[in-house]
Amino acid sequence: MNIISQAESGEHATDRLRRLTQEILDCARKGDWDNTISIEAERRPLLRLVFATPTPDPKLKPLLEEILTADQEIVTLTQHRHNELAGQVRQMGRGRTALRAYDRNSR
């Protein structure tokens, strides 16, 4: 649903931004990276809309702090996943090297 549709449905942009941020965090905690990415793409225009001015409304400070805290955890979870995948890639590379060595020595 786009931003205009949300406005028509009565959900305020800041409420939607808060909800989407929580959904991203929940998905990241579960390791559901496809939905994490999809929801982030939906959240990005709302971030631009809500924080469009160089000096946002001071009332938005709690929301900004909430988003930054969630984003820090999301980045940490993403880094952990990246490290896991890098380890798997290294392992696969070692397996291929071992297979080639075995293949060369078995002839």
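The exercises below, each with a worked solution, concern a predicted model of a protein.

**Exercise 1. Overall composition**

Determine how many helices and strands the protein has, and describe the order of its elements.

*Solution.* Step 1: the secondary structure amounts to four helices and zero strands. Step 2: read from the N terminus, the order of the elements is α-α-α-α. Step 3: the protein has 107 residues, and 21% of them count as buried. Step 4: the accessible surface is about 7900 Å², with 57% of this area belonging to carbon and sulfur atoms. Step 5: for contacts between residues at least 6 apart in sequence, 60% join residues at least 24 apart.

**Exercise 2. The span of helix H2**

Establish what span helix H2 should have at 1.5 Å a residue, and compare it with the distance between its end C-alpha atoms.

*Solution.* Step 1: H2 comprises residues 13–30, which gives 18 residues. Step 2: the expected span is 1.5 Å times one less than the number of residues, so H2 should span 26 Å. Step 3: the end C-alpha atoms of H2 are 26 Å apart, in agreement with that expectation. Step 4: the residue Gly-31 follows H2, and its phi is positive, near 80°.

**Exercise 3. A salt bridge inside H2**

Find the partner of Arg-19 in a salt bridge, and state where the two residues lie.

*Solution.* Step 1: the partner is Glu-23, and the closest N and O atoms of the pair are 2.7 Å apart. Step 2: a salt bridge requires such atoms within 4 Å, so the pair qualifies at 2.7 Å. Step 3: both residues belong to helix H2, where they are four residues apart, about one turn of the helix. Step 4: Arg-19 has a relative accessible area of 33% and is partly exposed; Glu-23, with 28%, is also partly exposed.

**Exercise 4. A salt bridge between two helices**

Identify which helices are linked by the salt bridge of Arg-43 with Asp-71, and decide whether Arg-43 is buried or exposed.

*Solution.* Step 1: in this salt bridge the closest N and O atoms are 3.1 Å apart. Step 2: the pair links distant parts of the chain, with Arg-43 in helix H3 (residues 33–50) and Asp-71 in helix H4 (residues 61–105), 28 residues apart. Step 3: buried means under 20% relative accessible area; Arg-43 has 3% and therefore counts as buried. Step 4: Asp-71, with a relative accessible area of 23%, is partly exposed.

**Exercise 5. A salt bridge in H4 and a network**

Explain why Lys-61 and Glu-65 are separated by about one helical turn, and name the residues joined into one network by salt bridges that share partners.

*Solution.* Step 1: Lys-61 and Glu-65 form a salt bridge whose closest N and O atoms are 3.8 Å apart. Step 2: the two residues are four residues apart in helix H4, and therefore about one helical turn separates them. Step 3: Glu-65 is partly exposed, at 42% relative accessibility. Step 4: salt bridges with shared partners join Glu-40, Arg-43, Arg-44 and Asp-71 into one network. Step 5: the whole structure contains nine salt bridges.

**Exercise 6. The surroundings of Thr-36**

State which residues Thr-36 contacts, leaving aside its neighbours within four places in sequence.

*Solution.* Step 1: Thr-36 lies in helix H3. Step 2: its relative accessible area is 7%, and Thr-36 is therefore buried. Step 3: with neighbours within four places in sequence left aside, Thr-36 is in contact with Ile-24, Cys-27 and Ala-28. Step 4: the buried residues of H2 include Ile-24, Cys-27 and Ala-28.

Key
Residues numbered from 1 in each chain as written. Predicted model: local features only at pLDDT ≥ 70, side-chain atom pairs only at ≥ 80, totals over all residues. Heavy atoms only, no water. Salt bridge = Lys/Arg side-chain N within 4 Å of Asp/Glu carboxyl O. Buried < 20%, exposed > 50% of the residue type's maximum accessible area, 1.4 Å probe, protein only. Contact = heavy atoms within 4.5 Å. Areas by Shrake-Rupley, 256 points an atom, 1.4 Å probe, with all protein chains shown as cover.
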